[in-house]
Amino acid sequence: MPDRLTPLQTQPCRLSPPALICPLGDDLATIADALFRGQRALVRADTFTPGRPLPLGRVTATLPAARAWPAEHRSRNNQLLAAALERLLPTLDAFRERRPRARIGVVLGTSTSGIGETEVALTARQQSGSWPESFHYQRHEIGSPARFVADRLGLEGPVYTLSTACTSSARALISAKRLLATGACDAVISGGADSLCGLTVNGFASLEALSDSPCQPFSVNRSGINLGEAAALFLVTSEPGGIQLAGYGETSDAYHISAPRPDGQGAADAMQAALDMARCPSSAIDYLNLHGTATRQNDSMEALAVSRVFGDRLPCSSTKALTGHTLGACGALEAAFCWLTLDAGRLPPQVHDGQVDPQLPTLTYATATPCNATHTLSNSFAFGGNNVALLLERRS
């Protein structure tokens with residue numbers, strides 16, 4: 001562990017109760033209940049793959065209407081964000097009462113932005129020869145989500161969106177911690193959103209990475225991922241106590257454009273870096289939320305990495321079996337699941353067919369049991385070999 005504490009280690013980084021909308025529900029109590037019961041929330045549909053019904057983690061809750069919004073903001077991605085933002089407003093308003101002059105930034109992660117609406121517009125253009133009057137190209141710009149939230153709240157900045165595939169919103173939380181540590185902001189609205197669309201579903205289908213049945217992370221029978229959508233937001237502040245983002249680790253393997261490094265070294269290094277930043281021994285971690293996509297390569301790599309850092313003692317689970325892989329939103333969503341674990345003192349159980357792959361290193365898969373957790377870790381891995389681990393700590 002480092003001998004000298006850096007500003008990133010000493011600066012408090014408190015995560016508010018998360019504001020969530022995902023396949024498990026649209027309020028914390030409902031989501032927590034489904035999470036800790038291990039309830040799958042996948043629906044079978046061929047919306048994006050006609051003739052091939054797939055299990056999808058689709059949000060079924062009613063979303064805020066977008067008709068009155070400026071054209072550049074009208075996207076399902078932003079509707080998901082608006083729903084989450086409504087749930088964050090009481091926390092934000094209370095903070096503003098305490099700190100009326102606080103400088104508040106917005107840092108979000110996404111991989112889809114509003115590309116779904118562009119798909120519809122492009123089809124219309126192919127049929128009619130012109131773009132629909134309702135089309136606005138800024139909907140699908142990567143910067144759209146953070147700009148949308150800032151515009152809704154009248155915030156001036158810093159305002160930006162990160163897009164590093166499946167680590168996007170995990171990296172957004174890291175950026176929020178850095179903005180606090182440098183003194184650039186007093187609080188940051190941070191997290192991410194991704195929405196189901198044809199581009200991502202068919203893109204993963206072209207990689208032969210999709211499963212036609214509910215995914216089975218770390219099972220000998222795993223055959224690929226299910227995709228989902230979600231929005232997850234936190235108010236990140238420099239206040240002490242509560243649940244803190246105490247450490248993080250980031251590595252880049254640059255091993256392959258889509259396949260992970262087989263030996264898991266980069267993933268292991270990211271987890272160790274998070275432990276080092278938090279000055280936390282591996283034995284202090286009570287639960288690990290696995291990236292756990294249920295692809296052959298990811299689960300093999302991650303099992304090797306976890307075994308290297310923690311051995312076989314740490315309870316862990318992949319919640320993508322419940323929500324599907326929410327891509328750019330998964331880092332923040334699964335950090336929120338770790339937040340709920342620390343708050344509720346319960347473990348999200350591992351959900352699969354019960355047939356663990358015997359060729360993988362032995363791990364301890366979590367069951368739905370109470371626990372007095374004080375430290376959790378969440379893994380997120382992405383194309384290009386970029387790896388992130390977030391360490392959350394419950395403090396008095």
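**Helix, cores and paired side chains in a predicted model**

Student: How far does helix α8 (residues 265-277) reach from its first C-alpha to its last?
Tutor: The structure is a predicted model, in which local features need pLDDT of at least 70 and side-chain atom pairs count only at pLDDT 80 or more, whereas totals for chains, interfaces and linings use all residues. Residues are numbered from 1 along each chain as its sequence is written, and side-chain values use heavy atoms, with hydrogens and water left out. Helices are DSSP runs of H or I with at least four residues and strands are DSSP runs of E with at least two, both numbered from the N terminus, and the expected span of a helix is 1.5 Å times one less than its number of residues. For the 13 residues of α8, the expected span at 1.5 Å a residue is 18 Å, and the reach from first to last C-alpha is close to this, at 18 Å.

Student: Which residues of α8 are buried?
Tutor: A residue counts as buried under 20% relative accessible area, as exposed over 50% and as partly exposed in between, with a 1.4 Å probe and protein chains only. By that criterion, the buried residues of α8 are G266, A267, A268, A270, M271, A274, L275 and M277.

Student: Which residue with a positive phi follows α8?
Tutor: Beyond the helix comes a residue whose phi is near 50 degrees. That residue is R279.

Student: Which element gives the most residues to the largest nonpolar core?
Tutor: A nonpolar core is a set of buried Ala, Val, Leu, Ile, Met, Phe, Trp, Tyr and Cys residues joined through side-chain atoms within 4.5 Å, and the largest one has 51 residues, with L24, L173, L390 and L392 making the most contacts inside it. Elements that give two or more residues to this core include α2 (28-37), α6 (168-182), β10 (242-252) and β15 (386-395). The biggest contribution to this core, nine residues, comes from α11.

Student: Which residues does L390 touch, not counting those up to four places away in sequence?
Tutor: A contact requires heavy atoms within 4.5 Å, and L390 is one of the residues with the most contacts inside the largest core. With that sequence exclusion, L390 touches A170, L173, I174, L245, G247, Y248, G331, A335, T376, L377 and S378.

Student: How many disulfides are there?
Tutor: A disulfide is a pair of cysteine sulfur atoms within 2.5 Å, and by this rule the count is zero. C185 is in no disulfide, with the nearest cysteine sulfur, that of C13, 12 Å away, and C338 is in none either, with the nearest cysteine sulfur, that of C371, 11 Å away. C338 is buried, at a relative accessible area of 1%. The count of disulfides is therefore, under the 2.5 Å rule, zero.

Student: How many residues apart in sequence are R52 and D212?
Tutor: A salt bridge places a side-chain nitrogen of Lys or Arg within 4 Å of a carboxyl oxygen of Asp or Glu, and R52 and D212 form one at 2.7 Å, N to O. R52 is partly exposed at 29% relative accessible area, and D212 is partly exposed at 39%. R52 lies in the loop between β3 (43-45) and β4 (54-57), and D212 in the loop between α7 (198-206) and β8 (227-228), a separation in residues of 160.

Student: Are R222 and D299, which meet in a salt bridge, buried or exposed?
Tutor: Their side chains meet at 3.7 Å, N to O, and the pair ties together parts 77 residues apart in sequence, because R222 lies in the loop between α7 and β8 and D299 in helix α9 (residues 296-310). R222 has a relative accessible area of 4% and D299 one of 0%. Both are classed as buried.

Student: Which residues are linked with R222 in a network of salt bridges?
Tutor: The structure holds 17 salt bridges, and some of them join into a network that contains R222. Its other members are R296, D299 and D357.

Student: What are the distance between ring centres and the angle between planes for W69 and F148?
Tutor: Rings of Phe, Tyr and Trp (its six-membered ring) pair if their centres lie within 6.5 Å, and planes under 30 degrees apart count as stacked, over 60 as edge-to-face and the rest as tilted. The structure holds four aromatic pairs, and W69 and F148 form a tilted one. Both residues are buried. Their centre distance and plane angle are 4.9 Å and 45 degrees.
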